[in-house]
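Me: I'd like a close look at one part of this model: the aromatic residues and the packing around them. Start with one ring, follow its partners outwards, and tell me what the surrounding strands are doing along the way.

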Amino acid sequence: MSVPVDSSSPRKKGRTSSPVRSSPSPHSDGRTAVERLTDDLLVEILSRVPVKSLCRFKCVSNHCLALIDHPEHRKKLPQTPAGFFYGSAITSDWLLKSPVHFTDFPGRRSPPFDTSCTFLPDHRRVELLDCCNGLLLCRWYDVSAQGDEFHYIVCNPATEKWVVLPDSGKAASEVATTRLGFDSAVSMHFYVFELVNEQEFFWDPDIVGVAVYSSETGGWVYKEKKWNSQIRLIDHRFASVFLNGYLHFEADCRGSSPCLAVVDTEGETWMNFGFPDGLFDGFIQRSQGRLHYANFQGDEDGSTTLVVYVLENYQSKEWILKHSVEIPYIFEAPLLEWVDFRLDRDFDWIAIHPECNMIFFTTCWHATFTCYNMDSGQVKLISGLEVHKPPYMPYVPLYVELQSLHI
């Protein structure tokens, strides 16, 4: 450790100071330590850093940018969200019918990929059901299929690889609610959750069990529900989150307020617990490795506040308030207008950024794609959208070749 020298201190007699000369370094060629690393070693190092750090490294030099954007290197490096899928018509279920649209997130230069999934085998139509960490879950209607017969397909648009799933034998109806679970940081295998409803009740049925497909076993496992309450979906267009090996979704616990329902990939762990302050009809997302819940909360003085909570842990079922801001601060920003605005009619959630404290949403009266930064408090109008309807499905490219996907 270097120690600062006080120039006012008297020097000892008989001694003179002279500059310290270091011996020349064998690597003193004018290059920085990073520049002396081989590309392979640098990519290996970058594969272990968070996404935010990787984005900063892109700005170091043109060589670093080219290194990260190289098609072969993308297979090893973590990716930022490229954008989101959305549709042009309202559906009764959480799905996107053709034509499916796609919009880039700001500052994201994603390579072109087939958002219409034309690389899938011949079909009458394809409906997008869910999107999770680079994989898509679709209903695939074969050209030779009779009536409304379909199969589930899981595919990767970045590599154009896919696999047709066998029938679960439980809920072959179009009204079945099906979700995808995948996290490449934990496993290279994916899971499909089919929420099975009471067959005798078409309207407002309870969930009686869950069928789970595992790409590791290649088969389905069905388990009857073990929640400590009767659970039904509030809306078939709900958002779900796959995190820590659990599927999370907002549900209605009959006899009580809306709740968060949770089930694991083996159908062995079942949990349900309330949202903070009795809120309902909110929005759940995975961000920075934790479950986030965003909603609007009415105050006693008649004002409305945007609140964002984080689930502390599953044992205590405690929600911690992360952020709050009064609504007029967001919607009366210079970029937006407050003209006969109603949250239940003119506002839709798009995403909470998986790595940053940013919320993306759309306002229907402007058909605008907007971002709110919780750290800076800035509201940014990003772009206008074509005719757009929910659901909105954020997409993060996955360039890894999965053994479970094949043509």
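Reply: Let's start with Y152, which counts as buried because its relative accessibility is 6%, under the 20% cut-off. Keep in mind that this is a predicted model.

The model has 24 aromatic pairs. One of them joins Y152 to W220, with 6.4 Å from centre to centre and 45 degrees between the planes, so it goes down as tilted, that is, neither stacked nor edge-to-face. This pair ties together distant parts of the chain: Y152 belongs to strand β5, W220 to strand β10 (residues 219-224), and 68 residues separate them. W220 has a relative accessible area of 17%, so this ring is buried as well.

For a contrast in geometry, take F347 and W349. Their ring centres are 4.9 Å apart and the planes stand at 90 degrees, so this pair is edge-to-face. Both F347 and W349 are buried. That fits their setting: strand β20 spans residues 347-352, and five of its six residues are buried, so β20 is largely enclosed by the rest of the structure. Across from W349 you'll find F361 in β21. The two strands run antiparallel, with five bridges joining β20 to β21 (residues 358-363), and the hairpin between them uses five residues.

Back to Y152, since its company goes beyond W220. Ring pairs link Y152 and W220 into a cluster with Y141, F150, F190 and Y213. Two arginines are also worth a look here. R125 has its charged end over the ring of Y141, 3.8 Å from the ring centre. R139 lies over the face of F150, and there the distance to the ring centre is 5.3 Å.

F190 leads from the ring cluster into the wider packing. The largest nonpolar core has 40 residues, and F190 is one of those with the most contacts inside it, together with V154 and F249. Plenty of strands feed this core: β3 (123-132), β4 (135-142), β5 (151-156), β8 (191-197), β9 (207-214), β11 (231-233), β13 (246-253) and β14 (258-264) each put in at least two residues. The largest share, five residues, is the contribution of β9. As a general point, nonpolar side chains in soluble globular proteins tend to be buried together.

So what does F249 touch, leaving aside neighbours within four places in sequence? The list is L195, I207, W227, I231, L233, F238, A239, S240, C259, L260, A261 and I284. Another core lies apart from the largest one; this second set has 19 residues, including F119, V126, C138 and I153.

Strand β13 holds a charged residue too, namely D252. With a relative accessible area of 14%, D252 is buried. Beyond neighbours within four places in sequence, D252 is in contact with Q230, I231, R232, I234 and P258. I231 is therefore a contact that D252 shares with F249.

Now for a sheet further along the chain. Four strands make an open antiparallel sheet, ordered β16-β17-β18-β19. The edge positions go to β16 (283-287) and β19 (318-326); each has a single partner strand, so one side of each is left without a neighbour in the sheet. Direction ignored, neighbouring strands in this sheet are turned by 30 degrees against each other on average. The partner of β16 is strand β17 (residues 290-298), and the two pair in the antiparallel sense over five bridges. Another aromatic shows up here: F283 has A294 in β17 as its bridge partner. In general, side chains in a regular strand alternate between the two faces of the sheet.

Finally, two loops next to core strands deserve a glance. N133 sits in the loop between β3 and β4, and its phi is positive, about 50 degrees, although N133 is not a glycine. At 30% relative accessibility, N133 counts as partly exposed. N244 is found in the loop that runs between β12 (240-243) and β13. N244 is not a glycine either, yet has a positive phi of about 60 degrees.

How values were computed
Residues numbered from 1 in each chain as written. Predicted model: local features only at pLDDT ≥ 70, side-chain atom pairs only at ≥ 80, totals over all residues. Heavy atoms only, no water. Buried < 20%, exposed > 50% of the residue type's maximum accessible area, 1.4 Å probe, protein only. Pairing = 2+ DSSP bridges. Core = buried A, V, L, I, M, F, W, Y, C linked by side-chain atoms within 4.5 Å. Contact = heavy atoms within 4.5 Å. Axes fitted to C-alpha atoms, helices over the stretch in contact; angles between N-to-C directions. Phe/Tyr/Trp six-rings, centres within 6.5 Å; stacked < 30°, edge-to-face > 60°. Lys NZ or Arg CZ within 6 Å of the ring centre and 35° of its normal.
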